[in-house]
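Open the structure in your viewer and keep the selection tool at hand. The stops below go from one residue outward to the whole chain.

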Amino acid sequence: MITVTEEAKWLFQDVEHPEGMVLRLDPVTDQSTGRLGIGISIGEPKGDDRVVEHDGEDLLRIDASVNETLDGGVLNLVETLEGTGIGLTSAEDGPLTDGS
């Protein structure tokens, strides 16, 4: 299971989306390289999503395959050159990388 830190939840709670749509963490394919990654977007809820709640409200839906593949990962705030963002790290090892 992917853990979402309280700090990351704080950032997600300000994301607006149309009625019936949710904030999602889904697999995505880079069109130029064909590499598989993950992305955060607005989309429709799916029955097998992992639901992350904050203050009793649905905050984020994590695709079942992403949740299983990245089991043990932690979504948290990271500081980048562009400002505060979301990063995925391993609970023990720091940022998850693809080894390249």
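Begin by selecting Leu 75 in this predicted model. Setting aside the residues within four places of it in sequence, show what Leu 75 is in contact with: Ile 2, Thr 3, Val 4, Thr 5, Ala 8, Phe 12, Leu 25, Leu 60, Ile 86, Gly 87 and Leu 88.

**The core around this residue**

Next, keep Leu 75 and add Ile 2, Val 4, Phe 12, Leu 25, Leu 60 and Ile 62; these seven have the most contacts inside the largest nonpolar core, which has 14 residues. Which elements give two or more residues to this core? Colour helix H1 (6-12), strand S2 (22-29) and strand S5 (57-62) to see them. S5 provides the largest share, three residues. In soluble globular proteins, nonpolar side chains tend to be buried together.

**The four-stranded sheet**

Now hide the side chains and show S2 and S5 as ribbons, together with S3 and S4. These strands form an open sheet in the order S3-S2-S5-S4, and the pairing is mixed. Where does the sheet end on each side? Select strand S3 (36-43) and strand S4 (50-54), the edge strands, each of which pairs on one side only. Looking across the sheet, the twist from one strand to the next averages 25°.

Stay with S2 and S3. Is their pairing parallel or antiparallel? S2 and S3 run in the antiparallel sense, and eight bridges link them. For one position on this pair, select Arg 24 and then look across to S3, where Ser 41 stands opposite. Strands of a sheet pair through backbone hydrogen bonds, either parallel or antiparallel.

**The whole chain**

Clear the selection and colour by secondary structure. The protein chain contains two helices and eight strands. Traced along the sequence, their pattern is β-α-β-β-β-β-α-β-β-β.

Zoom out to the full C-alpha trace, which spans about 40 × 30 × 25 Å along its principal axes. How does the radius of gyration fit with a compact globule? The chain has 14 Å, and this agrees with the value near 13 Å that a compact globule of 100 residues would have.

To see how distant parts of the sequence meet, display contacts with a separation of 6 or more: residues 24 or more positions apart account for 45% of these in the protein chain.

Finish with the surface. The accessible surface of the protein chain is about 6600 Å², and carbon and sulfur atoms make up 50% of that area. Colouring by burial marks 33% of the 100 residues as buried.

Technical notes:
Residues are numbered from 1 along each chain as its sequence is written. This is a predicted model: local features need pLDDT of at least 70, side-chain atom pairs count only at pLDDT 80 or more; totals for chains, interfaces and linings use all residues. Side-chain values use heavy atoms; hydrogens and water are left out. A nonpolar core is a set of buried Ala, Val, Leu, Ile, Met, Phe, Trp, Tyr and Cys residues joined through side-chain atoms within 4.5 Å. Buried means under 20% relative accessible area, exposed over 50%, partly exposed in between (1.4 Å probe, protein chains only). Contact means heavy atoms within 4.5 Å. Two strands pair if DSSP finds at least two bridges between them. Axes are lines fitted to C-alpha atoms, for helices over the stretch in contact, and angles run from 0 to 180 degrees between N-to-C directions. The radius of gyration is taken over C-alpha atoms; the globule rule is 2.2 Å times the number of residues to the power 0.38. Accessible areas come from the Shrake-Rupley method with a 1.4 Å probe; for residues, only the protein chains shown count as cover.
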